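Here are my notes after a look through this one. I've kept them as numbered points so you can check each against the coordinates.

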Amino acid sequence: MINQSKKIHWTLRDVIFLAIIAIFFGIIYQLWSYAYYALAATPLKPYANDLTLGVWIMAGPLAGVLLQKAGASVIGEMLAAAVEMLLFSSWGASTLLSGFIQGIGNELGFACTGYRNWDKLGLICSALGSTIITFIWDLFQSGYRQYSFSLLIGLFVIRLISIGFFAGVLVYWIKKMVFKTGLIR
């Protein structure tokens, strides 16, 4: 694990890990847009965003649990969004705003633990934070306010499951594998 004195200051290793996470996930995010468009071209269109959102949330919590520093989730998500945008994302510069909203949701989750729990509890709080914050954003940005209450409940639950699996369970497994390598102590 990372000791307290290393949690305060950013090192070159931290910046390199953040850059690797951003590049890796920026590419994944761009490729993942095809999954979104494939779903949006079916009768599942109303659910496409919520079904696929979990993948687009992964860079933030992964940066948080690997670097264990306040702000790492927002920075990681923003940098991954920047890479996605530079790869000609169909959403253009709005990708940066989405990355910021997603990163803030993750960051709030880790902040709820006082930046002391970077394990399961921290990831649960991060998943809940990003689910709630991104859902509130979509109420206004994506027109969710026009949907029926029952559809909103369904979309929220689907989003929570997607984010919980991809940005919670999968990120936890990745963290365990990275820590086993000894690259991060």
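1. Let me begin with aspartate 50, which is buried, its relative accessible area being 0%. Keep in mind that this is a predicted model. The salt-bridge partner of aspartate 50 is arginine 159, with N to O at 2.6 Å. The two sit far apart along the chain: aspartate 50 belongs to helix 3 and arginine 159 to helix 8, with their positions 109 residues apart. Is arginine 159 buried or exposed? With 0% relative accessibility, arginine 159 counts as buried, because the cut-off for that label is under 20%.

2. The helices that carry this pair also pack on each other. Helix 3 (residues 48-56) and helix 8 (residues 149-181) have axes that come within 7 Å and cross at roughly 20 degrees. That makes helix 3 roughly parallel to helix 8, since angles under 35 degrees get that label. As for handedness, helix 3 and helix 8 make a right-handed crossing.

3. Helix 8 has another salt bridge worth a look, in which lysine 175 meets aspartate 119 through their side chains (2.9 Å, N to O). Lysine 175 is in helix 8, while aspartate 119 is in the loop between helix 6 (94-112) and helix 7 (120-141), so this pair ties together parts that are 56 residues apart in sequence. On the network side, Asp50, Asp138 and Arg159 are joined into one by salt bridges that share partners. Back to the loop pair: lysine 175 counts as buried at 2% relative accessibility, whereas aspartate 119, at 31%, is partly exposed.

4. Staying with helix 8, valine 171 lies there too. Its relative accessibility is 0%, so valine 171 counts as buried. If you want a distance to check, try the C-alpha atoms of valine 171 and isoleucine 101: they are separated by 19 Å, with the residues 70 apart along the chain.

5. How many salt bridges does a search of the whole structure find? The total is 4. One further pair to look at is aspartate 14 with lysine 69, where the closest N and O atoms are 3.2 Å apart. Aspartate 14 is in helix 2 and lysine 69 is in the loop between helix 4 (59-67) and helix 5, so the contact ties together parts that are 55 residues apart in sequence. Both aspartate 14 and lysine 69 are buried.

6. Now for helix 2 and helix 5 themselves. Their axes are 7 Å apart and the packing angle is about 50 degrees. That makes helix 2 oblique to helix 5. The crossing of helix 2 and helix 5 is right-handed.

7. Finally, the surface. Which residues form a nonpolar patch there? They are Trp10, Leu12, Val15, Ile16, Ile20, Ile75 and Leu79, and together they have about 630 Å² of accessible area. Helix 2 (12-40) and helix 5 (72-86) each supply at least two residues of the patch, with the largest share, 4 residues, coming from helix 2. One of the patch members, leucine 12, lies in helix 2. Leucine 12 has a relative accessible area of 64%, so it is exposed; the cut-off for that word is over 50%.

Note on methods: Residues are numbered from 1 along each chain as its sequence is written. This is a predicted model: local features need pLDDT of at least 70, side-chain atom pairs count only at pLDDT 80 or more; totals for chains, interfaces and linings use all residues. Side-chain values use heavy atoms; hydrogens and water are left out. Patches are made of residues with over 30% relative accessible area and no salt bridge: like charges are joined within 9 Å, nonpolar side chains (Val, Leu, Ile, Met, Phe, Trp, Tyr) within 5 Å. Accessible areas come from the Shrake-Rupley method with a 1.4 Å probe; for residues, only the protein chains shown count as cover. Buried means under 20% relative accessible area, exposed over 50%, partly exposed in between (1.4 Å probe, protein chains only). Axes are lines fitted to C-alpha atoms, for helices over the stretch in contact, and angles run from 0 to 180 degrees between N-to-C directions. Angles under 35 degrees count as roughly parallel, over 145 as roughly antiparallel, 65 to 115 as roughly perpendicular and the rest as oblique. A crossing is left-handed if the near helix is turned anticlockwise from the far one by less than a right angle, and right-handed if clockwise.
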